[in-house]
Amino acid sequence: MGKSLHRGPFPSTRMRRMRASEFSRRLMRENTLTVDDLIYPMFVHEGSNSREAVGSMPGIERLSLDLLAEEAKLLAKLGVPAIALFPVVGDARKSLLAEEAYNPDNLCHRAIKTIKDAAPEMGVITDVALDPYTTHGQDGIIDDSGYVLNDLTVETLSRQALAQAQAGADVVAPSDMMDGRIGAVREILEDNGQPNTRILAYSAKYASSYYGPFRDAVGSAGNLGKGNKHSYQMDPANSDEALHECALDLEEGADMIMVKPGMPYLDIIRRVKDELAVPTYAYQVSGEYAMHCAAFQNGWLDRESVMLESLLAFKRAGADGILTYFAKDVALLLNQ
Ligand code: PBG
């Protein structure tokens with residue numbers, strides 16, 4: 001009888017050996033989170049020296065442009081690569097056709113210039129969608145029945161994206177989910193001398209209930225009322241459809257892909273990264289932020305470690321960067 005290959009009663013593989021000391025844990029670590037991974041979404045409003053707390057997003061404020069300038073300088077110093085801008089537009093400037101979206105002097109365009117003046121190296125990402133500018137809070141132009149009209153909306157979105165690029169946006173980010181908008185935006189940028197404006201396509205954007213606090217923050221919740229975005233945003237049940245959307249947007253000229261929301265959709269990030277191998281970003285959205293904060297405030301979760309773990313999970317899933325309302329706090333932590 002030959003001797004058993006198994007050398008004894010001990011486990012033949014001790015996975016814990018490599019976990020036993022910090023040095024070997026560090027050596028085998030597969031993913032890291034750095035400030036290079038962070039994009040900070042910011043809400044701006046009219047006025048001066050004015051900051052307004054967003055009730056459902058503790059620690060997040062709407063800022064007037066003078067305060068935005070100060071924040072942009074601080075974020076640049078912390079090494080945060082980019083800010084994603086979201087304007088809070090007054091009711092008087094909203095309309096059925098969302099003309100304010102491409103007004104060269106609108107709040108968003110002034111905010112872009114404000115950041116570029118304060119911190120020229122800061123990347124500025126702007127949202128291409130009509131919801132801040134429509135009286136009904138939908139991302140596009142509607143017909144009498146309330147249906148969002150695709151092609152008419154795409155025309156307005158293209159004008160909006162061009163106006164943002166002309167105001168100095170480095171990245172335009174269509175978050176509207178209309179068909180064909182990436183191609184139309186790419187074409188208008190090329191035709192008007194903006195060949196280097198990057199397009200971050202919200203390709204896999206789901207009709208999610210996690211956006212609630214954001215709609216409070218930009219003040220579109222009331223306008224949207226009981227309306228929903230199911231006829232253009234994706235069904236949370238699907239993932240093949242997300243790959244189809246991403247492939248189309250890449251074909252039409254997207255430079256980067258966004259998956260949104262974030263944590264409940266890590267499987268989508270992984271599939272996009274594995275199958276398409278392009279720069280892929282995730283949005284840890286307002287509802288995800290709000291529920292984390294609620295647990296922190298109750299003392300149910302540890303703020304620092306959970307914040308870091310939640311973002312590291314995006315890296316493990318394959319994301320190249322994360323839009324997160326934690327960006328500033330995490331950058332402060334990582335700079336310590
Ligand atoms: C709208 C837009 C939304 C978000 C970013 N851009 C909301 C929506 O689609 O209704 C949500 C972001 C968040 O929840 O943090 N174009």
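A polar contact is taken here as a pair of N or O atoms within 3.5 Å, and in this predicted model the side chain of D127 meets that limit, with a polar atom placed 3.4 Å from a nitrogen atom of the ligand. A nitrogen atom of the ligand also lies 3.1 Å from a polar side-chain atom of D131, while on the oxygen side of the ligand's chemistry an N or O atom in the side chain of Q233 is found 2.9 Å from a ligand oxygen atom. Of the 410 Å² of accessible area that the ligand has on its own, 100% is covered by the protein.

The surrounding shell comprises 17 residues, with R215, K229, K260, S286 and Y325 being the closest to the ligand. Divided by class, this shell holds seven nonpolar and seven charged residues, together with three that are polar. The space that the ligand takes up is the largest cavity.

With regard to cysteines, a search of the whole structure returns zero disulfides. Because its relative accessibility is 0%, C246 is classed as buried, and C293, at 2% relative accessibility, is likewise counted as buried, the cut-off for this class being a relative accessible area under 20%.

Definitions and conventions:
Residues are numbered from 1 along each chain as its sequence is written. This is a predicted model: local features need pLDDT of at least 70, side-chain atom pairs count only at pLDDT 80 or more; totals for chains, interfaces and linings use all residues. Side-chain values use heavy atoms; hydrogens and water are left out. A residue is near a molecule or strand if one of its heavy atoms lies within 4 Å of it. A polar contact is a pair of N or O atoms within 3.5 Å; within protein, one must be able to donate a hydrogen and the other to accept it, and residues adjacent in sequence count only if both atoms are side-chain atoms. Accessible areas come from the Shrake-Rupley method with a 1.4 Å probe; for residues, only the protein chains shown count as cover. On a 1 Å grid over the protein atoms alone, a cavity is a set of points where a 1.4 Å probe fits but cannot get out, and a pocket is an open set with protein on both sides within 12 Å along at least five of seven lines; lining residues have an atom within 4 Å of a point. A molecule sits in a cavity or pocket if more than half of its atoms lie within 2 Å of its grid points. Ala, Val, Leu, Ile, Met, Phe, Trp, Tyr, Cys and Pro count as nonpolar, Asp, Glu, Lys and Arg as charged, and the others, Gly among them, as polar. A disulfide is a pair of cysteine sulfur atoms within 2.5 Å. Buried means under 20% relative accessible area, exposed over 50%, partly exposed in between (1.4 Å probe, protein chains only).
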